[in-house]
Amino acid sequence: MSEDMIPVGANESFQFNCSKENKCFNECCRDLNQFLTPYDILRLRKNLNISTEEFINKYTTTHMGDESGLPVLTFKVVDNELKCPFVSDEGCTVYGDRPASCRTYPLARAISRNRDTGKITEYFALIKEPHCLGFSCEKKQTPNEWNSDQEIIKYNEMNDLLMELISLKNTTIPGSLDSVSMDIFILGCYNLDRFRDNVVNDDFLAKHNIPADVVDKIKVDDELLLKTGINWVKYELFGMDLNF
Ligand code: SF4
Ligand code: SF4
């Protein structure tokens, strides 16, 4: 852990407040190299009322992760300040659907999963960066209170499913995926509106005895759609059952 990362317990207080009154307002939305999770993309595309494909093409850049060999999507930054495409003088224009990393900052979160029970344990650290003046404010809260205040619980639940998939891929298929497997991964995890069109709507799930009412629900429920996409990737790449 770097010297600017300070471990903090889930119920241990830290001093921090983010406010428009802070001189650093919006500084954290510049000089970005911010990765986006599938759930981030679902929320942002809904906020903008566009498809996942349009969002990915217009607002993201994709590169391959060195260690995972999997695609990593980041914001396509704007101008020479490397600004987020959604920052304005008044703040974040997609605030209600901002990504998990924007909600979590100034915390970093890591997890470990018990192999036998699947139980997740969370670990937190404070990220102290010189530009962020929030630590000089008096307001106190714990990481658990911060997560609740920032409405991040659902994001963590969805993002932990992706982490589990990445871990499975790295143990089963180390290194890069072949191009067919890569297309499956991108379709089931990121381009979920196309996944809905290609897989959910073409009787694929019915052929796998998924009840019709569940299929109907997947067509309108983004969280279930993402869970289904991840399950479908596990089925296609690792031969696992389609669980619902
Ligand atoms: S206090 Fe930190 S998080 Fe808040 S606007 Fe300033 S730099 Fe960003
Ligand atoms: S999404 Fe909003 S909070 Fe996150 S970097 Fe962009 S402008 Fe800032």
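Helix H10, the core and two ligand shells

In this predicted model, helix H10 can be checked by its length: at 1.5 Å a residue its 17 residues should span 24 Å, and because the C-alpha atoms at its ends are 24 Å apart, expectation and model agree. Leu 225, Leu 226, Thr 228, Gly 229, Trp 232, Val 233 and Lys 234 are the buried residues of H10, and they pack against H1, H5, H6, H7 and helix H9 (212-218). After H10 comes Gly 239, which has a positive phi, near 70°.

One of these buried residues, Leu 226, leads into the largest nonpolar core, a set of 33 residues in which Leu 226, Ile 41, Tyr 190 and Leu 192 touch the most other members. Two or more residues of this core come from each of helix H1 (38-48), helix H2 (52-59), strand S5 (71-75), helix H5 (153-172), helix H6 (179-189), helix H7 (192-198) and helix H10 (222-238). Domain 1 (5-151) and domain 2 (177-238) each supply at least three residues to this core. Tyr 190, with neighbours within four places in sequence left aside, is in contact with Pro 38, Ile 41, Thr 52, Ile 56 and Leu 73.

The two ligands have shells of their own. Around ligand 1 stand Cys 18, Asn 22, Cys 24, Phe 25, Glu 27, Cys 28, Tyr 105, His 131, Cys 132, Leu 133 and Gly 134, a shell with seven nonpolar, three polar and one charged residues. Ligand 2 is surrounded by Cys 29, Cys 84, Phe 86, Val 87, Cys 92, Val 94, Arg 98, Pro 99 and Cys 102, and by class this shell has eight nonpolar residues, one charged residue and no polar ones.

Key:
Residues numbered from 1 in each chain as written. Chains lettered and ligands numbered in written order. Predicted model: local features only at pLDDT ≥ 70, side-chain atom pairs only at ≥ 80, totals over all residues. Near = placed C-beta within 6 Å. Nonpolar A, V, L, I, M, F, W, Y, C, P; charged D, E, K, R; others polar. Core = buried A, V, L, I, M, F, W, Y, C linked by C-beta atoms within 7 Å. Buried ≥ 20, exposed ≤ 12 C-beta atoms within 10 Å, placed from the backbone. Helix = DSSP H or I, 4+ residues; strand = E, 2+ residues; numbered from the N terminus. Domains from an automatic or database assignment. Contact = placed C-beta atoms within 7 Å. Expected span 1.5 Å × (residues − 1).
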